[in-house]
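The following exercises are to be worked with the sequence and the coordinates at hand. Each task is followed by a solution in steps.

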Amino acid sequence: MRIVIITVTIFLSLVFSVYAQDKSEKELVIKLVTADTYFETNDYLNALKIYLELYETDSLNPKLNLNIGICLFNLRGQKGLSKKYFEKATEGENAEPYYYLGRWNNLRLRLEKLIKRYQPYQNNNEWLRKGELGRTGEQNVGLQVKFLNL
């Protein structure tokens with residue numbers, strides 16, 4: 001009798017685990033399709049939310065990392081966060097992550113030039129040292145840097 005109970009218990013647990021896997025896989029596919037739909041319509045914020053949920057289950061997926069990086073790159077104030085996802089995406093066979101890494105680096109270089117051009121103004125301008133609207137020169141330049149967030 002014990003053997004029958006153990007056999008039935010094992011059988012039922014296998015059946016339920018297979019059903020649970022199928023259900024969770026279907027949910028993941030639905031989430032991915034939804035995120036891709038948002039992504040294709042340039043709704044990067046909603047796509048990003050879902051992609052980040054999927055990232056928890058598959059953080060090594062190059063396509064997922066690329067899409068997260070593109071979402072961040074296109075959201076205001078989030079460009080700086082996109083680099084790590086582009087770098088992870090280069091582990092795949094797609095060349096597109098390299099394009100975005102190039103764009104990211106280009107923006108980074110422009111930001112460095114921007115800061116260099118602000119420095120003489122920041123260092124030599126009495127008005128800026130006193131601060132406009134209660135901000136110091138460093139805060140004004142910091143606002144420009146924060147705007148780009150690189």
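**Exercise 1.** What distance should the 13 residues of H3 span at 1.5 Å a residue, and how far apart are its end C-alpha atoms?

*Solution.* The structure is a predicted model, in which local features need pLDDT of at least 70 and side-chain atom pairs count only at pLDDT 80 or more, while totals for chains, interfaces and linings use all residues. Residues are numbered from 1 along each chain as its sequence is written, and side-chain values use heavy atoms, with hydrogens and water left out.

Step 1. Helices are DSSP runs of H or I with at least four residues, numbered from the N terminus. The expected span is 1.5 Å times one less than the number of residues, which for H3 gives 18 Å.

Step 2. The end C-alpha atoms of H3 are 18 Å apart, in agreement with that expectation.

**Exercise 2.** Determine how many residues of H3 are buried, and place this helix in the largest nonpolar core.

*Solution.* Step 1. Buried means under 20% relative accessible area, exposed over 50%, and partly exposed in between (1.4 Å probe, protein chains only). Of the 13 residues of H3, 10 are buried, so the helix is largely enclosed by the rest of the structure. Among them are Asn 65, Asn 67 and Gly 69.

Step 2. A nonpolar core is a set of buried Ala, Val, Leu, Ile, Met, Phe, Trp, Tyr and Cys residues joined through side-chain atoms within 4.5 Å. The largest one has 24 residues, and those with the most contacts inside it include Ile 68, Ile 70, Cys 71 and Phe 86. H1, H2, H3, H4 and H5 each give two or more residues to this core.

Step 3. Leaving aside neighbours within four places in sequence, Phe 86 is in contact (heavy atoms within 4.5 Å) with residues including Leu 66, Ile 70, Phe 73 and Tyr 100.

**Exercise 3.** Find the salt bridges and state where their partners lie.

*Solution.* Step 1. A salt bridge is a side-chain nitrogen of Lys or Arg within 4 Å of a carboxyl oxygen of Asp or Glu. The whole structure holds two.

Step 2. Glu 53 and Lys 31 pair at 2.8 Å, N to O. This pair links distant parts of the chain, with Glu 53 in H2 and Lys 31 in H1, 22 residues apart. Glu 53 is partly exposed at 39%, as is Lys 31 at 33%.

Step 3. Glu 87 and Lys 83 pair at 3.7 Å, N to O. Being four residues apart in H4, these two are separated by about one helical turn.
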